[in-house]
Amino acid sequence: MTGKWVDGVAARRPVAWVAAVVLVLEALGVLFLNWVLSIVVDKQQMSMAGVDPGAMTTGAWVLGAVFALHLVCCAVLLARIGLRDRPPGTLGRIALVGCAVVHAVLGAFAVGLVGWTAFAVLMAVLALLVLTLTAYGTSYTVPTDISNDEDTAPDSPATPATTPARPTN
């Protein structure tokens with residue numbers, strides 16, 4: 001089957017683009033949330049274990065900025081994946097898996113602290129990340145230009161080392 005099906009996966013480019021847009025929106029939400037948190041901490045002069053309230057305000061900003069930067073970097077990576085239609089490299093895959101793990105852990109905390117709506121949103125983002133990672137999974141094949149060893153047949157075509165994504169009748 002040709003057309004929208006590429007290596008057994010349909011619509012993987014749009015999923016990568018949607019995930020990139022969602023991560024940018026989430027980064028903006030994280031920045032806004034930490035801005036509000038820093039204002040509340042500053043106005044109420046909150047302190048934890050004797051830490052200066054100014055340090056708490058700065059810490060909220062820094063943590064929000066670092067997390068938002070991570071989300072934006074993952075969004076740029078997803079946009080690049082969607083644009084080029086190629087899987088991410090090792091470092092990119094590690095960043096996306098880390099982002100997925102953070103969303104899974106935040107989703108687990110969100111159920112008890114915020115509610116099921118926040119959990120559903122975080123799981124939707126997690127699903128987009130996992131779908132992108134699996135849709136652009138590497139296809140390991142045995143190269144055909146291997147020298148003629150005992151283990152290989154002389155004219156054997158490249159064979160997949162993993163099971164195919166759909167039946168190959």
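## Exercises on helix H1

**Exercise 1.** Which residues of H1 are buried in this predicted model?

*Solution.* Start at the N-terminal part of the list: Arg12, Val15, Ala16, Ala19, Ala20 and Leu23 are among the buried residues of H1. Carry on along the helix, and Glu26, Ala27, Val30, Asn34, Ser38 and Val41 join them. To read the spacing, recall that an α-helix has 3.6 residues a turn, so residues three or four places apart point the same way. For context, buried residues make up 26% of the 169 residues in the chain.

**Exercise 2.** Check what span H1 should have, and set it against the model.

*Solution.* H1 covers residues 12–44, which is 33 residues. At 1.5 Å a residue, taken over one less than the number of residues, the expected span is 48 Å. The end C-alpha atoms lie 47 Å apart, so the two values agree. Just past the helix, Gln45 has a positive phi of about 50°.

**Exercise 3.** Work out how H1 and H4 are oriented to each other.

*Solution.* First take the geometry: the axes of H1 and H4 (residues 116–135) come within 9 Å and cross at roughly 140°. Only angles over 145 degrees count as roughly antiparallel, so this pair is oblique. The crossing is left-handed. Now look at who makes the contact: H1 contributes Arg12, Val15, Ala16, Val18, Ala19, Val22, Leu23 and Glu26. From H4 come Leu122, Val125, Leu128, Leu129, Leu131, Thr132 and Ala135.

**Exercise 4.** In what order do the elements of the chain run?

*Solution.* Count first: there are four helices and two strands. From the N terminus, the order is β-β-α-α-α-α.

Terms used:
Residues are numbered from 1 along each chain as its sequence is written. This is a predicted model: local features need pLDDT of at least 70, side-chain atom pairs count only at pLDDT 80 or more; totals for chains, interfaces and linings use all residues. Side-chain values use heavy atoms; hydrogens and water are left out. Buried means under 20% relative accessible area, exposed over 50%, partly exposed in between (1.4 Å probe, protein chains only). Axes are lines fitted to C-alpha atoms, for helices over the stretch in contact, and angles run from 0 to 180 degrees between N-to-C directions. Angles under 35 degrees count as roughly parallel, over 145 as roughly antiparallel, 65 to 115 as roughly perpendicular and the rest as oblique. A crossing is left-handed if the near helix is turned anticlockwise from the far one by less than a right angle, and right-handed if clockwise. Contact means heavy atoms within 4.5 Å.
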